[in-house]
Amino acid sequence: MASAKKKAAPKKSAAKKAIAKKTPAKKSVPAKKAAKKAAPKKTPAKGIIDKILRKRHTIYIESAAFFPLSSATGYVDHFQDGRCAAVAPGDLSVALPIPVGAILKSISIHYMNTTTNTVIAFFLRKHANRHSPSGEIEMSFINLPPGTLPPDNYLTVTDTTFPDGGVIQDKFLHYITIPGTGDFPGGLKISVRGVSLVYDF
């Protein structure tokens, strides 16, 4: 009987061999690297979030909110020209409603001073539960120089320098005192027209 001849296996073409050589073998990803990829993204620090969420606010306080430190001196309202002490020179004060944690950016005092004297306004605070010593109570000293400014001689001075970076601390009561106000001989006047605050909160 004639023996059957085995057919030779077909040879791979040279092109297929070249493709097989070029194709890189797949590598398994180590467990540690896979875990790193799956890790959640880090959230920004709380301080950065606070800065993003803070908004700028402006408050205007009209002169009708100012009162004399002594009832004996009284006060006089000059309508748009503001308020001054009835017995000159006299002090006027106003409380400042600023939320705890706010960052105070500026205080502007709107006033008239047609005399030749500079008065100094005091931005002060006192602790709600104890006596505040000197050095803690003073927040800022604001010069209010004389001057004329057409058409009405209304002046504004702005202060931007405060302790603690302007951050309003808890349990403190803030206020402004403006001394030396009043009507003086010759039609001269030092009066308070109001105050405005700018803060981030």
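## A tour beginning at the Asp164–Arg125 pair

Select Asp164 and Arg125: the two residues form a salt bridge, with their closest N and O atoms 3.4 Å apart. Because Asp164 sits in the loop between β9 and β10 while Arg125 belongs to strand β7, this pair ties together parts that are 39 residues apart in sequence. The model is predicted. Colour the two partners by accessibility next. Asp164 is partly exposed, at a relative accessible area of 41%, whereas Arg125 is buried, at 7%.

**The whole chain**

Zoom out to the full cartoon. The protein chain has 3 helices and 11 strands, and from the N terminus the three α elements precede the run of β elements. Of its 201 residues, 33% are buried. Display the contacts between residues at least 6 apart in sequence: 76% of them join residues at least 24 apart. With a surface representation switched on, the accessible area of the chain is about 13700 Å², and carbon and sulfur atoms account for 60% of it.

**Further salt bridges**

The structure holds 5 salt bridges. Side chains of opposite charge can pair when their charged atoms come close. Select Asp81 and Lys189, whose side chains meet in a salt bridge with an N to O distance of 3.4 Å. This pair links distant parts of the chain, since Asp81 is in the loop between β3 (75-77) and β4, and Lys189 is in strand β11, 108 residues apart. Asp81 is partly exposed, with a relative accessible area of 22%; Lys189, at 11%, counts as buried.

Now move to Asp77 and Arg83, another salt-bridged pair, in which the closest N and O atoms are 2.8 Å apart. The side chains of these two residues are also joined by a polar contact of 2.8 Å. Asp77 counts as partly exposed at 45% relative accessibility.

**Around Arg83**

Keep Arg83 selected and show its surroundings. Arg83 lies in strand β4, which covers residues 83-85. Is Arg83 buried or exposed? Its relative accessibility is 4%, and buried means under 20%, so Arg83 counts as buried. Beyond its neighbours within four places in sequence, Arg83 is in contact with ten residues that can be selected in turn: Ser63, Ala64, Phe66, Phe67, Tyr75, Val76, Asp77, Leu92, Ser191 and Val192.

**The nonpolar core**

Next, select Leu96, Leu104, Ile107, Ile109, Leu144 and Val195, the residues with the most contacts inside the largest nonpolar core, which has 28 residues. Highlight the elements that give two or more residues to this core: β5 (90-95), β6 (103-113), β7 (119-127), β8 (138-144), β9 (155-159), β10 (172-184) and β11 (188-200). Strand β11 supplies the largest share, 5 residues.

Centre the view on Leu96. Setting aside residues up to four places away in sequence, Leu96 touches Ile61, Ile107, Phe123, His174, Tyr175, Ile176, Val195 and Leu197. Among these neighbours, Ile107 and Val195 are also listed with the most contacts inside the core.

**A nonpolar patch on the surface**

Finish at helix α3, residues 46-53, and select Ile52 within it. Ile52 is exposed, with a relative accessible area of 63%. Add Ile48 and Leu53 to the selection: together with Ile52, these residues form a nonpolar patch on the surface with about 330 Å² of accessible area.

Technical notes. Residues are numbered from 1 along each chain as its sequence is written. This is a predicted model: local features need pLDDT of at least 70, side-chain atom pairs count only at pLDDT 80 or more; totals for chains, interfaces and linings use all residues. Side-chain values use heavy atoms; hydrogens and water are left out. Helices (H or I, at least four residues) and strands (E, at least two) are DSSP runs, numbered from the N terminus. Buried means under 20% relative accessible area, exposed over 50%, partly exposed in between (1.4 Å probe, protein chains only). Contact means heavy atoms within 4.5 Å. Accessible areas come from the Shrake-Rupley method with a 1.4 Å probe; for residues, only the protein chains shown count as cover. A polar contact is a pair of N or O atoms within 3.5 Å; within protein, one must be able to donate a hydrogen and the other to accept it, and residues adjacent in sequence count only if both atoms are side-chain atoms. Patches are made of residues with over 30% relative accessible area and no salt bridge: like charges are joined within 9 Å, nonpolar side chains (Val, Leu, Ile, Met, Phe, Trp, Tyr) within 5 Å. A salt bridge is a side-chain nitrogen of Lys or Arg within 4 Å of a carboxyl oxygen of Asp or Glu. A nonpolar core is a set of buried Ala, Val, Leu, Ile, Met, Phe, Trp, Tyr and Cys residues joined through side-chain atoms within 4.5 Å.
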